[in-house]
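These are my notebook entries on a single model. I set down what I looked up, entry by entry.

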Amino acid sequence: MTDPSERTTALRVAGADAAGLAAGAERDGVPVVAVGSTGARALEPLVVATHEGTSAFVPNADADDVAAAVDALADGTLPDADARVDHDEVQASLPIPSIEGFAGERSVLARCGWTDPRDPDDYANAVGFSDADADAVLDAAEGLRGRGWGDWCADEPYADLWAGVRERDGPTSVVVNAHGNPGDALLLESDPFAVLDGASAAARAVDADYLYLYASEADEAALERARDAAAARDYGVPVEVVAGPDVYRAAEPTMAIEAIEGNHRLEARLRPPGPEVEGIYGNPTVVHTARTYAHLAGAIHGDAPETRVVSVTGDVADATTVELAESDTVASATAAAGVDDFTAACVGGKFGGITTDLDVGLAPEDLDEADLGTEGVVEVLGEDRCPVAFVGQRTNVASETNCGRCVPCREGTTQLTEKLRDVYDGTYDEGGMTELMGVMESTSICAFGRDVPRTVRTAMREFDDAFEAHADGDCPSGTCAVGGTQ
């Protein structure tokens, strides 16, 4: 296969329809390569024409745009484009154009939409697979923190935990948990070799016997690329790709382990002990997200910036995934997705915090202080959305999809949903809801039950008047039926 990262002239086509547009388009020595999504899906199919240190970007391209770009490159020029970026002649990462959909910097996402996700040689030429030994990997991991609620060390350093795992007996496993988060799915779809580079390095660090790539069955492109990447080279440890059910709880680390073991009913495991002691088949296991492993790979190669991968979803024209410095704000992410007017945003995943103030830093400490989640997903509620209805629907999902293992979550989500329905019938039991949520947060055995109250609590704080109005028979947004059953 052609390695575009080694070429000073190449045409890349990024996005879901890239393969069809790229097929048969190469001519006159101009390589045309279908690459994965950049994360800026509103711009895709995106043509990136590169010639001698400059890349031109043509968004929403069709076959004619591809042909015109190939003709221009064959003539030694660049096509007409919305943006151009000057860079090194042999470039290892996607240059960032000044167009909506891109923001900040790209380190973890550096090769998404740039290198060929099906060709390990392209990654090897752009970056090089690490051969660092266990001690060097542990040194590189020092101070790095896990990313995402599907990570056993979410927002916490993991190097010390790994050192302990290495000393334990029994066959050890490393799990890449790419379930349910758009950023993790994007990495498997567009840069799976970076994820496997980091994960195989982690396997060396803990002396692992098995490596698993785990993703939702709904993320078909991510699973396909993961399988191809797993079979493409020897990682020093057997690699297995596992598809989990398309339910939110399946991303919880111990439920991910349940799915990998083949259990049909996924239930959170009691802890302690955690997976680092008793994981897959009762043996030591480390579970981290694809973002965590890609960040580790960058650190091993000398690039470990304090950045966060953030996906903007909800009431937006197209979901957008960007990488921003931890010192940047949630507002920068929504701006990249073209969000102007909104009612609120749910920051931090399905059970993140509800806020109208997006001027909040992306560092986990800043998000925690604002009572928001750190999962890396910002769900936008458009101008016509009712936050009371949103919260009620979200808690109903929680009541129907929790694993049922612990009483505080199983019964708490049901009772919380009922109390929110009571608001529509004229009873807003703020004190009772607050007490119930406190019990759920302090006694649920996993993050699912602990996080659900945050969505309700923050909505009550931000939109107290709306809750009172619903209890009085009025929906300020005009979208709810009140005074009876919703």
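Is Arg269 buried or exposed? The model is predicted, and I read every entry below with that in mind. I found a relative accessible area of 19% for Arg269. Because the cut-off for buried is under 20%, Arg269 counts as buried.

**Entry: surroundings of Arg269**

I placed Arg269 in the loop that lies between helix H9 (253–260) and S9. I then looked for a polar partner of its side chain and found the side chain of Glu261, at 2.8 Å. Setting aside residues up to four places away in sequence, I listed what Arg269 touches: Thr254, Ile257, Glu258, Glu261, Glu278, Gly279, Arg405 and Ile445. Glu261 thus appears both as a polar partner and in the list of contacts.

**Entry: the open sheet**

In what order do the four strands of the open sheet lie? I read the order as S8-S7-S6-S9, with parallel pairing. At the edges I noted strand S8 (239–244) and strand S9 (285–289), each of which pairs on one side only. I recorded an average turn of 20° between neighbouring strands of this sheet, direction ignored.

I went through two of the pairings in turn. Strand S7 (residues 210–216) is joined to S8 by six bridges in the parallel sense, and Tyr214 stands opposite Val242 in S8. S6 and S9 also run parallel, with five bridges joining them. There I found Val174 opposite Val286 in S9.

**Entry: cover over S9**

How many residues of S9 are buried? I counted five of its five, and the strand is mostly covered. I sorted these residues by face: Thr285, Val287 and Thr289 lie on one side, Val286 and His288 on the other, and all are buried. Val286, the residue opposite Val174, is therefore among the residues that count as buried.

**Entry: helix H10 and Thr292**

Which strands does helix H10 touch? I found that helix H10 (residues 290–300) packs on the sheet and touches strand S6 (173–177) and S9. The direction of H10 makes about 90° with that of S9.

Within helix H10 I looked up Thr292. Its relative accessibility is 1%, so Thr292 counts as buried. Leaving aside neighbours within four places in sequence, I found Thr292 in contact with Gly146, Arg147, Asp151 and Tyr158.

**Entry: cavities**

I next looked for enclosed space and found four cavities of 30 Å³ or more. The largest cavity has a volume of about 130 Å³. I noted 17 residues in its lining, with Val310, Leu367, Thr374, Glu375 and Gly376 nearest the centre. Strand S10 (307–314), helix H12 (364–369) and strand S14 (377–381) are the elements that give two or more residues to this lining. S10 gives the most, with three residues.

**Entry: the largest pocket**

How much space lies in the largest pocket? I read a value of about 530 Å³. Its lining comprises 27 residues, and those nearest its centre are Trp149, Ala154, Ala447, Arg450 and Asp451. The elements that give two or more residues to the pocket lining are H12 and helix H16 (447–462). The largest share, four residues, comes from H16. I noted H12 twice, since it is listed for the lining of the largest cavity and for that of the largest pocket.

Terms used
Residues are numbered from 1 along each chain as its sequence is written. This is a predicted model: local features need pLDDT of at least 70, side-chain atom pairs count only at pLDDT 80 or more; totals for chains, interfaces and linings use all residues. Side-chain values use heavy atoms; hydrogens and water are left out. Two strands pair if DSSP finds at least two bridges between them. Axes are lines fitted to C-alpha atoms, for helices over the stretch in contact, and angles run from 0 to 180 degrees between N-to-C directions. Contact means heavy atoms within 4.5 Å. Buried means under 20% relative accessible area, exposed over 50%, partly exposed in between (1.4 Å probe, protein chains only). A polar contact is a pair of N or O atoms within 3.5 Å; within protein, one must be able to donate a hydrogen and the other to accept it, and residues adjacent in sequence count only if both atoms are side-chain atoms. On a 1 Å grid over the protein atoms alone, a cavity is a set of points where a 1.4 Å probe fits but cannot get out, and a pocket is an open set with protein on both sides within 12 Å along at least five of seven lines; lining residues have an atom within 4 Å of a point. Grid points are joined across faces, edges and corners, and a volume is the space filled by probe spheres set on the points.
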